[in-house]
Each structure stands twice: as structure tokens, then as C-alpha cells.
Amino acid sequence: MSLSGRYSLGIILTFVLLASSMLFSIPTINSFLNYKTLTADLFFYDRLSLWLVLILVLVYNFFIENRSFFVWEEKKYSPLFYLGAVIALYFICVFGGAFLNTIIILLTEEKVSKRLLEFKILFNNNYFLIIFTCLTAGVIEELLMRAYIQPRIEKIYNSPMLGVIVSALLFGILHSTYGTIGQVVVPFFIGIVFALFYKKYSNIKILIICHFLIDFISMMIMNFIDSKHLSLLYL
């Protein structure tokens with residue numbers, strides 16, 4: 001199999017594993033534990049399954065692709081650049097996402113995601129689970145969607161823009177489990193912003209930090225706002 005073929009298979013495998021984890025890990029785990037509702041323990045095990053996905057992709061990369069996981073060499077920057085980039089990305093994503101979310105709510109009168117309502121109860125003052133969840137999202141999603149999928153799509157089709165759009169689209173689709181339009185459109189927008197940044201600056205650590213902060217601050221806010229305002233948040 002050619003390198004492009006191995007890359008293509010790796011992309012499909014990565015997306016299928018991520019989607020399967022997000023859709024089926026909780027019912028699968030619960031078939032052994034028999035929890036009647038979504039609990040902190042059950043959700044913790046669910047997040048662990050995403051780390052298993054990363055391990056499986058790393059194994060595929062090592063044994064099948066036989067190439068560096070990072071197609072693009074990781075670039076180094078000054079601490080001041082890190083700080084400025086994280087702040088700039090955070091505000092672009094937050095304000096851009098809020099604007100899009102507001103338009104969607106006004107046009108569709110979309111209700112609060114049932115999953116967000118579950119999360120409000122689940123994460124209430126559970127700071128360990130909040131931090132672990134945000135760390136998992138930041139590390140797993142950025143390593144797999146940006147560092148792994150994006151540059152491989154570009155290599156296969158020789159199209160930087162296709163790498164940006166497809167990786168962002170897959171990122172948005174993975175968030176469709178929330179069951180609302182906003183929770184797909186906003187992640188797609190964030191995916192575009194992050195992919196463009198990664199293409200230009202080739203530094204995944206900045207994206208991991210920013211992704212963590214977006215989710216962490218949203219979850220902390222979730223602890224203090226009324227349930228009817230949860231539609232303004234996106235995770």
C-alpha cells in the first residue's frame with residue numbers, strides 16, 4: 001500500500017474510532033457497571049476511552065505508516081508568542097462562536113442541548129472531572145484532528161485548504177452528539193480557526209492550551225449560570 005493509502009486508512013480509522021467512542025463508549029461501559037443514570041464515574045471511564053483511541057492511532061502510525069506522527073515539524077516560539085497566541089485564539093473563538101450561536105438561536109429558536117443539561121449536574125463542583133475532561137478534549141482532539149488528520153489530508157490531495165476544511169468539518173461532526181445545530185457550527189468555526197493557525201505556525205501545544213482554556217472556562221461558567229442560559233455555551 002502506498003503512503004497516501006496508509007494515510008487515508010489512518011484518517012478513516014481515526015474518525016471511526018473517535019465517533020465510536022463518543023457514541024458507544026458510555027452504553028458499552030454501562031453494560032458492565034449498570035448505572036441507572038450518567039454518573040461522574042461513568043463519564044470518567046468514557047473520557048478514558050478517548051485516550052485509548054489515541055494509543056491505537058499511535059500504534060497504527062508506528063507500525064503501519066512507519067512515519068513520524070507529526071507530518072509538520074513542530075516549531076518553537078518565545079513565551080511571549082505563546083501567551084499572545086493563546087489569548088488571541090481564545091477571544092477569536094469565544095466571540096466568533098458566541099456571535100454564530102446567537103444567530104442560530106435567533107433563527108431556529110433552538111433549545112438547550114439535553115447533554116449540556118446533564119453536564120451541568122455532572123460537573124457541578126466536580127473540579128477533578130472538569131479538569132480531566134478539558135485536558136482530554138484539548139490533548140486528544142488537537143493531536144488527532146489537527147496534528148494527525150489535517151496535514152495528511154493536505155499531503156494526499158496536495159491542498160492546504162482541503163486539509164483545513166475537512167479537518168474542521170470532521171471536528172464539527174464529532175460534536176453533533178450534543179444534538180443541536182449550534183454545537184456543530186461553532187466547533188466547525190473553531191476548527192477552521194485552529195486549522196489555519198496550525199497550518200501557519202505548526203505548533204500544536206498552543207492549540208492544546210487554548211482548547212483546554214475554552215472548555216475549562218465554559219465548564220466553570222456552567223457551574224454558576226441558570227440552566228436556561230446553557231445554550232450560550234459550547235464545549
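A residue counts as buried when its relative accessible area is under 20%, as exposed when that area is over 50%, and as partly exposed in between. This definition is applied below to a predicted model, beginning with a pair of charged residues in one helix.

Glu 142 has a relative accessible area of 0% and is therefore buried. Arg 146 is likewise buried, because its relative accessible area is 0%. The two side chains form a salt bridge, in which the closest N and O atoms are 2.8 Å apart. Both residues belong to helix H5, and because they are four residues apart, about one helical turn separates them.

The structure holds five salt bridges in total, and the pair just described is one of them. Another joins Arg 152 to Glu 65, with an N to O distance of 3.0 Å. Arg 152 lies in helix H5, which spans residues 127-157, whereas Glu 65 lies in helix H2, so this salt bridge ties together parts of the chain that are 87 residues apart in sequence. Both partners, Arg 152 and Glu 65, are buried.

A further salt bridge connects Glu 74 with Lys 205, the closest N and O atoms lying 3.3 Å apart. This pair links distant parts of the chain, as Glu 74 sits in the loop between H2 and helix H3 (79-108), while Lys 205 sits in helix H8, 131 residues away. Lys 205 has a relative accessibility of 38% and so counts as partly exposed.

Helix H8 covers residues 204-222 and also contains Ile 221. With a relative accessibility of 37%, Ile 221 falls between the limits of 20% and 50% and is therefore partly exposed. The C-alpha atom of Ile 221 is 9.9 Å from that of Lys 120, although 101 residues separate the two along the chain.

Attention now turns to helix H2, which comprises residues 40-65 and includes Leu 58. Leu 58 is partly exposed, because its relative accessible area is 37%. Between the C-alpha atoms of Leu 58 and Leu 144 the distance in space is 9.7 Å, and the two residues are 86 apart in sequence. Phe 63 is also placed in helix H2. At 59% relative accessibility, Phe 63 exceeds the 50% limit and so counts as exposed. Phe 63 contributes to a nonpolar surface patch of about 690 Å², which is made by Leu 52, Ile 55, Leu 56, Val 59, Phe 62, Phe 63 and Ile 64.

The last feature to consider is the largest pocket, whose volume is about 170 Å³. Its lining consists of Met 22, Leu 23, Ile 26, Pro 27, Leu 38, Phe 43, Lys 114, Arg 115, Glu 118, Phe 119 and Thr 177. Two elements each give two or more residues to this lining, namely helix H1 (3-33) and helix H4 (114-122). By residue class, the lining of the largest pocket divides into seven nonpolar residues, one polar residue and three charged residues.

Key: Residues are numbered from 1 along each chain as its sequence is written. This is a predicted model: local features need pLDDT of at least 70, side-chain atom pairs count only at pLDDT 80 or more; totals for chains, interfaces and linings use all residues. Side-chain values use heavy atoms; hydrogens and water are left out. On a 1 Å grid over the protein atoms alone, a cavity is a set of points where a 1.4 Å probe fits but cannot get out, and a pocket is an open set with protein on both sides within 12 Å along at least five of seven lines; lining residues have an atom within 4 Å of a point. Grid points are joined across faces, edges and corners, and a volume is the space filled by probe spheres set on the points. Ala, Val, Leu, Ile, Met, Phe, Trp, Tyr, Cys and Pro count as nonpolar, Asp, Glu, Lys and Arg as charged, and the others, Gly among them, as polar. Buried means under 20% relative accessible area, exposed over 50%, partly exposed in between (1.4 Å probe, protein chains only). A salt bridge is a side-chain nitrogen of Lys or Arg within 4 Å of a carboxyl oxygen of Asp or Glu. Patches are made of residues with over 30% relative accessible area and no salt bridge: like charges are joined within 9 Å, nonpolar side chains (Val, Leu, Ile, Met, Phe, Trp, Tyr) within 5 Å. Accessible areas come from the Shrake-Rupley method with a 1.4 Å probe; for residues, only the protein chains shown count as cover.
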